[in-house]
Amino acid sequence: MLQKDIEEVLISEESLQAKARELGEVLARDYQDKYPLAIGVLKGAMPFMGDLMKRMDSYVEMDFMDVSSYGNATVSSGEVKIVKDLNTSVEGRDLLIIEDIIDSGLTLSYLVDLFKYRKAKSIKIVTLLDKPSGRKVDLKADYIGFEVPDAFVVGYGLDYAEKYRNLPYIGILKPSVYSGEQE
């Protein structure tokens, strides 16, 4: 049913699992003597963070933030709002911000500034997908799963109007779906 709206499977379920395993091993090694706070940016990062944390053989605390800059548009609104804040203090902590995709970078730039203000010890960004062509701020992730082209991607947590998050792969959405045109 959802498949009919997908133009192309960009990253398979198997490739996503392999990347989560690879990044989890790297993070476990880089944080072996630390107790980082992994912050999942809801809702999109949830599937990736779940798979990533299962592969990180290290002590880690998890929390979530719901921050939005998109709404139902296909491009960033530029407005960042906190829908749900952390339950944990970040002061003096090593933070791992887990994100599904960095596009404009506006949301993550806002979070990095917020956590610096809240006196985090260190801040690293882990993103499943990086879309550098959409960047509006100078921001680079420390750990990147895949670089993606300038296309509207959905699945594995990424949505369009709250749909397609449950796809087990990353796909390119058919333009007719978000342009309102019928095929």
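This report describes the fold, overall dimensions and nonpolar cores of a predicted model.

Residues are numbered from 1 along each chain as its sequence is written. In this predicted model, local features need pLDDT of at least 70 and side-chain atom pairs count only at pLDDT 80 or more, while totals for chains, interfaces and linings use all residues.

The chain has four helices and nine strands (DSSP runs: helices H or I of at least four residues, strands E of at least two, numbered from the N terminus). Their order along the sequence is β-α-β-α-β-β-β-α-β-β-β-β-α. The radius of gyration, 16 Å, is close to the 16 Å of the globule rule for 183 residues, so the chain is as compact as a globular protein of that length (C-alpha atoms; 2.2 Å times the number of residues to the power 0.38). The C-alpha trace spans about 55 × 35 × 25 Å along its principal axes.

Of the 183 residues, 46% are buried (under 20% relative accessible area, 1.4 Å probe, protein chains only). The largest nonpolar core (buried Ala, Val, Leu, Ile, Met, Phe, Trp, Tyr and Cys joined through side-chain atoms within 4.5 Å) holds 28 residues, of which Ile 98, Leu 129 and Ile 170 touch the most other members. The elements that give two or more residues to this core are tabulated.

| Element | Residues |
|---|---|
| helix H1 | 13-30 |
| helix H2 | 46-55 |
| strand E5 | 94-102 |
| strand E6 | 122-130 |
| strand E7 | 143-147 |
| strand E9 | 170-173 |

Apart from this core lies another, of 19 residues, among them Leu 86, Ile 102, Leu 108 and Ile 125.

Terms used. Heavy atoms only, no water. Buried < 20%, exposed > 50% of the residue type's maximum accessible area, 1.4 Å probe, protein only.
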